[in-house]
Amino acid sequence: MEISADELRNVLNNVLKKHKDLRTEGFALESCRSMIALMDTDGSGRINLDEFRHLWNKIKSWQKIFKHYDADHSGTINSYEMRNAVQDAGFRLNNQLYDIITMRYADRNMNIEFDSFICCFVRLEGMFRAFNAFDKDGDGIIKLNVFEWLQLTMYA
């Protein structure tokens with residue numbers, strides 16, 4: 001009762017085919033690997049039904065945000081809309097991080113497609129979750145050795 005990144009990709013892309021308004025070619029395998037990494041609580045490289053349900057709810061929530069900002073129904077949002085979408089999702093970032101998101105996830109026209117949008121949100125969610133796990137006293141500062149850092153960032 002667990003699914004791999006390949007299986008997750010098939011499930012999600014079959015669902016996306018029904019959403020013509022998103023105008024996406026579907027999720028890339030790497031995107032699904034990131035989703036698995038976010039939800040994989042036991043380190044198996046697969047997610048169970050409960051983990052899938054949690055991921056599914058996040059994707060639906062993020063999809064609503066994407067559709068809200070894709071007012072022209074182009075299938076993309078611009079970098080300015082992305083800032084607002086990130087804030088609406090509950091992530092608080094500084095201007096430098098918004099610029100990094102644009103460089104990483106936007107195309108040459110500064111537009112972000114649905115797949116990239118979800119990848120960005122999966123990455124942010126995972127990074128905040130990992131940071132909070134290490135921030136035992138809640139002061140916003142963590143200390144990691146190189147192996148802890150690599151473990152956090154390699155599977156993210």
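Me: In this predicted model, which residue caps the N-terminal end of H3, and which backbone nitrogen does its side-chain oxygen lie 3.0 Å from?

Reply: The cap is Asn 48, with a side-chain oxygen placed 3.0 Å from the backbone nitrogen of Asp 50.

Me: How far apart are the end C-alpha atoms of helix H3, and what span should its 21 residues have?

Reply: Helix H3 runs over residues 49-69, and because each residue contributes 1.5 Å, a span of 30 Å is expected; the end C-alpha atoms are 30 Å apart, in agreement with that expectation.

Me: Which residues of H3 are buried, and which are exposed?

Reply: An α-helix has 3.6 residues a turn, so residues three or four places apart point the same way. In H3 the buried residues are Glu 51, Phe 52, Leu 55, Lys 58, Ile 59, Trp 62, Gln 63, Ile 65, Phe 66 and Tyr 69. They cover an arc of only 165° around the axis, and therefore lie on the same side of H3. Asp 50, Lys 64 and His 68, on the other side of H3, are exposed.

Me: Why does Gln 63 count as buried, and which residues is it in contact with, leaving aside neighbours within four places in sequence?

Reply: Gln 63, which belongs to helix H3, has a relative accessibility of 14% and so counts as buried, the cut-off being under 20%. Once the neighbours within four places in sequence are set aside, Gln 63 is in contact with His 19, Leu 22 and Phe 114.

Me: Which residues does the UniProt annotation "domain: EF-hand" cover?

Reply: According to the unreviewed UniProt entry, that annotation covers residues 57-92 and 122-156. Over residues 57-92 the chain is 64% helix and 8% strand, with end C-alpha atoms 21 Å apart.

Technical notes: Residues are numbered from 1 along each chain as its sequence is written. This is a predicted model: local features need pLDDT of at least 70, side-chain atom pairs count only at pLDDT 80 or more; totals for chains, interfaces and linings use all residues. Side-chain values use heavy atoms; hydrogens and water are left out. Helices (H or I, at least four residues) and strands (E, at least two) are DSSP runs, numbered from the N terminus. The expected span of a helix is 1.5 Å times one less than its number of residues. Buried means under 20% relative accessible area, exposed over 50%, partly exposed in between (1.4 Å probe, protein chains only). The arc is that of the directions from the helix axis to the C-beta atoms. A polar contact is a pair of N or O atoms within 3.5 Å; within protein, one must be able to donate a hydrogen and the other to accept it, and residues adjacent in sequence count only if both atoms are side-chain atoms. Contact means heavy atoms within 4.5 Å. UniProt positions are given in the numbering used here, feature names are shortened, and annotations may be inferred rather than shown by experiment.
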